[in-house]
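Colleague: I am still learning to read models of this kind, and I would like a close look at a single part. Please take me slowly through one residue and its surroundings, and then place that part within the whole.

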Amino acid sequence: FQVRAENEAGAGHPSEATDVLLIEDPTSPPSPPLELHVTDASRSHISIAWKTPEKNGGSPIIGYHIELCEAGTEKWMRINSRPVKELKYKAEESIIPDKEYVLRVRAVNAIGASDPSE
């Protein structure tokens with residue numbers, strides 16, 4: 001949008017246009033967390049970290065769900081009981097030595113969970 005000042009002498013020149021804004025319903029789940037990466041791994045644990053989602057869906061992020069899947073399967077399992085508040089997580093209990101895993105993260109707000117991170 002643009003703004004113009006106006007008085008008895010008439011309307012002034014318009015201001016510079018603002019960036020285009022996308023107006024969204026503030027009642028949607030957030031977008032997926034960004035830049036998920038492994039920070040440490042051993043036979044007994046996998047540590048991951050990520051960045052906050054681009055959009056919170058109009059409601060504050062209350063935490064994150066961590067999901068784990070054995071490589072080569074599509075059997076995703078949520079491995080945290082409550083939303084994680086930090087932007088990192090150390091998976092230990094679900095890790096079996098000598099198996100390969102894929103992890104993903106979903107952001108959660110009051111409306112629901114995001115699509116999984118990539």
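Modeller: What follows is a close look at Asn80, then at some other residues, and finally at the whole chain.

This is a predicted model, in which local features need pLDDT of at least 70 and side-chain atom pairs count only at pLDDT 80 or more, while totals for chains, interfaces and linings use all residues. Residues are numbered from 1 along each chain as its sequence is written, and side-chain values use heavy atoms, with hydrogens and water left out.

Asn80 is found in the loop between strand 6, residues 77-78, and strand 7; here helices (H or I, at least four residues) and strands (E, at least two) are DSSP runs, numbered from the N terminus. Is Asn80 buried or exposed? Asn80 counts as buried because its relative accessibility is 7%, given that buried means under 20% relative accessible area, exposed over 50%, and partly exposed in between, with a 1.4 Å probe and protein chains only.

The side chain of Asn80 has a polar atom 2.7 Å from the backbone nitrogen of Ile66, and a polar atom of that side chain also lies 2.8 Å from the backbone oxygen of Arg82. A polar contact is a pair of N or O atoms within 3.5 Å; within protein, one must be able to donate a hydrogen and the other to accept it, and residues adjacent in sequence count only if both atoms are side-chain atoms. Leaving aside residues up to four places away in sequence, Asn80 touches Tyr64, His65, Ile66 and Tyr89, where contact means heavy atoms within 4.5 Å.

Ser117 offers a second buried example, with a relative accessible area of 8%, and Ser117 lies in the segment after strand 8. Apart from residues up to four places away in sequence, Ser117 touches Pro32, Pro33, Leu36, Arg104 and Val105.

Val102 sits within strand 8 and counts as partly exposed because its relative accessibility is 38%. Not counting residues up to four places away in sequence, Val102 touches Glu67, Leu68, Cys69, Ala71 and Trp76, whereas the C-alpha atoms of Val102 and Lys90, 12 residues apart along the chain, are separated by 13 Å.

Two further residues deserve attention for their backbone angles. Most residues other than glycine have a negative phi. Glu35, however, has a positive phi of about 50 degrees although it is not a glycine; Glu35 belongs to strand 3, residues 34-41, and counts as exposed because its relative accessibility is 52%. Asp98 also has a positive phi, near 70 degrees, and is a residue other than glycine. Asp98 is placed in the loop between strand 7 (88-91) and strand 8 (101-108), and it counts as exposed because its relative accessibility is 71%.

Stepping back to the whole, the protein has zero helices and eight strands. Its C-alpha trace spans about 80 × 25 × 25 Å along the principal axes. The radius of gyration of the protein is 22 Å, but a compact globule of 118 residues would have one near 13 Å; this radius is taken over C-alpha atoms, and the globule rule is 2.2 Å times the number of residues to the power 0.38. Buried residues make up 29% of the 118 residues, and among contacts between residues at least 6 apart in sequence, 56% join residues at least 24 apart.
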